[in-house]
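Subject: A structure for you to look at

Hello,

I am handing over a structure that I have been looking at, and I would like you to have it open while you read on. My notes follow below it.

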Amino acid sequence: MDTGILILRLLVGLLVAGHGVQKVSFHLGGRGLDGGTEEFRSDGFRGGVLTALAAGGGQIGSGLLLAAGLLTPLAATGTVGVMTVAATVKWGNGLWVQNDGYEYPLVLIGAAVALAATGPGEWSVDAAIGLTPFPLWWTAVVLAAGAGSGLLARLVLHRAPEPVRR
């Protein structure tokens, strides 16, 4: 079981961190900070560079913590938060990723919540420093705080649609 959890943690954590790297740099196919800023603006977000830095930094930080199995509930909460924002952006396109839907963010949210429920496994920094096991009720906190923070970020940072002028 610990091998499976390790594989899941590494896969999800490194993908989330890599997604953040793309937002703020030219690495991993990113378009640099200007490209990340433009992506958020085109998705209707205000805040410019600060929004791109916060999103990219949140993804890098939560992804690396999740991959390492360090402060797993916090890492899972961060992952749920940033992926909730991504899911809300894609919500209008439906579920499936081939239509630019929210399928991928939903899978990452589910994986992060599952890792909060199972814990990071024996091959993790949390286990090495004696932070595990985490109580199961942390899973509800992770989901509520992560989804709540993502929805709040969307509410605060997203611009209202421009009125149609005739």
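What pattern does the protein follow when it is read along the sequence? The pattern is α-α-α-α-α-α-α. In other words, the secondary structure comes to seven helices and zero strands. Please keep in mind that this is a predicted model.

**The overall shape**

The radius of gyration of the protein is 16 Å, and the globule rule gives 15 Å for 166 residues, so the protein is as compact as a globular protein of that length. Taken along the principal axes, the C-alpha atoms fill a box of roughly 60 × 30 × 30 Å. Of the 166 residues, 38% count as buried. The accessible surface comes to about 9,100 Å², and 70% of that surface belongs to carbon and sulfur atoms. If you look at contacts between residues at least 6 apart in sequence, 64% of them join residues at least 24 apart.

**The largest pocket**

Next, have a look at the largest pocket, which has a volume of about 660 Å³. It is lined by 33 residues, and the closest to its centre are K23, E39, F40, Q59 and A86. The elements that give two or more residues to this lining are α1 (2-24), α2 (32-42), α3 (48-68), α4 (72-90), α5 (103-118) and α7 (138-157). Which of the elements gives the most to the lining? That is α4, with seven residues. By type, the lining residues divide into 14 nonpolar, 13 polar and six charged.

**A buried serine**

Now find S62, which is in helix α3. Is S62 buried or exposed? S62 counts as buried because its relative accessibility is 6%, and the cut-off for buried is under 20%. Leaving aside residues up to four places away in sequence, S62 touches V16, A75, G78 and T79.

**Loops worth a visit**

Some residues in the loops also deserve a moment of your time.

- L28 is in the loop between α1 and α2. Its phi is positive, at about 55 degrees, although L28 is not a glycine. L28 is exposed, because its relative accessible area is 59% and exposed means over 50%.
- D100 sits in the loop between α4 and α5. D100 too is a residue other than glycine with a positive phi, near 60 degrees. With a relative accessibility of 42%, D100 counts as partly exposed.
- I129 lies in the loop between α6 (125-128) and α7. The relative accessible area of I129 is 54%, so this residue is exposed. From C-alpha to C-alpha, I129 and V89 are 38 Å apart in space, and they are 40 residues apart in sequence.
- P133 is found in the loop between α6 and α7. What is the peptide bond from T132 to P133, cis or trans? The bond is cis, with omega near 0 degrees.

**Where to begin**

If you would like a route through the model, you could start with the seven helices, go on to the pocket and find K23, E39, F40, Q59 and A86 close to its centre, and then turn to S62 in α3. After that, the loop between α6 and α7 is a good place to end, with I129 and P133 both there to find.

Enjoy exploring!

Best wishes

Technical notes: Residues are numbered from 1 along each chain as its sequence is written. This is a predicted model: local features need pLDDT of at least 70, side-chain atom pairs count only at pLDDT 80 or more; totals for chains, interfaces and linings use all residues. Side-chain values use heavy atoms; hydrogens and water are left out. On a 1 Å grid over the protein atoms alone, a cavity is a set of points where a 1.4 Å probe fits but cannot get out, and a pocket is an open set with protein on both sides within 12 Å along at least five of seven lines; lining residues have an atom within 4 Å of a point. Grid points are joined across faces, edges and corners, and a volume is the space filled by probe spheres set on the points. Helices (H or I, at least four residues) and strands (E, at least two) are DSSP runs, numbered from the N terminus. Ala, Val, Leu, Ile, Met, Phe, Trp, Tyr, Cys and Pro count as nonpolar, Asp, Glu, Lys and Arg as charged, and the others, Gly among them, as polar. Buried means under 20% relative accessible area, exposed over 50%, partly exposed in between (1.4 Å probe, protein chains only). The radius of gyration is taken over C-alpha atoms; the globule rule is 2.2 Å times the number of residues to the power 0.38. Contact means heavy atoms within 4.5 Å. Accessible areas come from the Shrake-Rupley method with a 1.4 Å probe; for residues, only the protein chains shown count as cover.
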